[in-house]
Protein chains: 2
Amino acid sequence: MNRSAGGITIGQAAAFAGVTIKTVRHYHKLGLVEEPERDSSGYRRYGSDDLLRLVQVRTLAAAGVQLADIGTLLDADAERFAAALSDVEQRLTDRIDDLVARRDTLHRLSDDRALLPDRACAVLDRMPGLGFDPDYVAGQREALVLFRALVPEGFDSFVTQLEHRLDDPEFVDLTQRSWDALSWEPDDPRIAELASALADNLLAKPELLAMPAEFRSQPDTAARYGMVNTHGQEEWPTSARLTALVEDKLRAAGVPVPRQ
Amino acid sequence: MNRSAGGITIGQAAAFAGVTIKTVRHYHKLGLVEEPERDSSGYRRYGSDDLLRLVQVRTLAAAGVQLADIGTLLDADAERFAAALSDVEQRLTDRIDDLVARRDTLHRLSDDRALLPDRACAVLDRMPGLGFDPDYVAGQREALVLFRALVPEGFDSFVTQLEHRLDDPEFVDLTQRSWDALSWEPDDPRIAELASALADNLLAKPELLAMPAEFRSQPDTAARYGMVNTHGQEEWPTSARLTALVEDKLRAAGVPVPRQ
DNA sequence: CGTCCACCTTGACCTCAGGTCAAGGTCAAG
DNA sequence: CTTGACCTTGACCTGAGGTCAAGGTGGACG
């Protein structure tokens, strides 16, 4: 009877304010908008004041203000209101910058799924042309991803090291022979030879040995080094043996190599 | 005993990957990263493969990919991977645009807490200089907010109408007398006079009466009109009477005024 | 040997801004 | 009288983890 006198229903109010019914009730539950009077059927009837408040709340919420903050905000004086707004605005700006950074990361990802920056991808791209086995390249890709996670601050010099190594035909040759060595027996005498040649090659280029010193200054060095170094070696005992021999020779020559 | 052999602990793995322990376990629960072997104490021991996977997941998650999608994504072939990535990138771009729009809204809010666009603020700012009572201006501000929520498509012409009204000294004078009238008795004879003058003034400017025709084409016209019109009048019977008289006169002159 | 501290384990519940479902009451039109 | 659109409440669900509780484990110190 008294149906249309008191005001509009929740559905109309929600539609006018551009929110859902559930959202309006949510605001009631949080105390952001007072519950209006009910009509004889128990329906909420909204007047212009309620609508005004609803619009204010919705506008702030749409701007990204936390619902928990809106109540105090709307009931505060103009000065605190302005201060809080600029605070929220700053947080929004930060979030935008964050999202832009994420998008850029993603954009790099879509060029190559290896989760690596351009320079590292370039190094990997050179490898097949130099005669490296595709599986070896894939392994190096994984090692780079791992290294980047474990030693982000040393990543650039690690890539630089790789670049220099690829410029040295002897090293390229030795590396490819090491890859072939995986199929040898662990006690094959050629392994010791290969280890000697590798160690000599490394010792001839002191700048390549500088990097370990750099990342030795960080904590957890042994764990990180071991992680990168043993990656992919678990099921290849020959590789583990080769690595151990090279490390021994380097240590014998006075180069500090962390033990894992 | 076997403590340090199997790999690193969850805390170290989490630190290396740049996430929390809880996050790593969350990934396990979702099946994104396989649970590694446990040591004799029941601790999870992570190897390089686990770490690699963890870093891949974290990188995608940090780029905003839903965790639920990451599993299929990482196990998919390169083609679908690339397609999905560009999809995610598009969504990120949309979100950024959305946030920028929010920030701009907020920026306008911080200039004036009235939740109104610049043009409407300018109109309100003119009012005190023309001699309007600050309380009246506040009421107009509320009416504008309400109008914008209820009739967004008619808001611009509503503001235009207000601008024209403020340019007419006679209308300004009549409006201010209407404000004073709030303190009169509802049966004060001056009210009828005032209503006549107001109606005559309105009828002399046909362009001001065009707006109601425009927003009469929308549904719920009566409810919206009534909402805006009766806002703030509940506790002022004199105002209601004045409005009713003016509406009667307009209707008598052939102008269609919706009845609420 | 005891004790402390840092780390690990599981499980249950909390967050935010609502969405979804269920079960039923109310109103206007055909 | 039925249909369909609207309203009511309440309980549970979402995503991506965070927080708390209660207890096990390992290493260092005295």
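**View 1. Chain A from end to end.** Helices (H or I, at least four residues) and strands (E, at least two) are DSSP runs, numbered from the N terminus. Going along chain A from that end, you meet α-α-α-α-α-α-α-α-α-α-α-α-α, which makes 13 helices and 0 strands. This is a predicted model, where local features need pLDDT of at least 70, side-chain atom pairs count only at pLDDT 80 or more, and totals for chains, interfaces and linings use all residues. Residues are numbered from 1 along each chain as its sequence is written, chains are lettered from A and ligands numbered from 1 in the order in which they are written, and side-chain values use heavy atoms, with hydrogens and water left out. Of the 260 residues here, 44% count as buried (under 20% relative accessible area, with exposed over 50% and partly exposed in between; 1.4 Å probe, protein chains only).

**View 2. Helix α3 of chain B.** This helix covers residues 48-62. Its expected span is 1.5 Å times one less than its number of residues, so its 15 residues should span 21 Å, and the end C-alpha atoms are indeed 21 Å apart. Its buried residues include B:L51, B:L52, B:L54 and B:V55. Just past the helix, look for B:G64, with a positive phi of about 95 degrees.

**View 3. A:A63, a loop residue.** You'll find A:A63 in the loop between α3 (48-62) and α4 (67-75) of chain A. Buried or exposed? A:A63 counts as buried, because its relative accessibility is 1%. Setting aside neighbours within four places in sequence, A:A63 is in contact (heavy atoms within 4.5 Å) with A:L92, B:R102 and B:L106. A:E89 is 26 residues away in sequence but 8.8 Å away in space, C-alpha to C-alpha.

**View 4. Rings around A:T175.** A:T175 belongs to helix α9 (residues 169-181) of chain A and is buried at 9% relative accessibility. Not counting residues up to four places away in sequence, A:T175 touches A:F132 and A:Y136. Rings of Phe, Tyr and Trp (its six-membered ring) pair if their centres lie within 6.5 Å; planes under 30 degrees apart count as stacked, over 60 as edge-to-face and the rest as tilted. That rule gives 4 aromatic pairs over all chains. The A:F132 and A:Y136 rings are stacked, because their centres are 5.2 Å apart and their planes at 15 degrees. Both residues, A:F132 and A:Y136, are buried. Together with A:W179, A:F132 and A:Y136 form one aromatic cluster.
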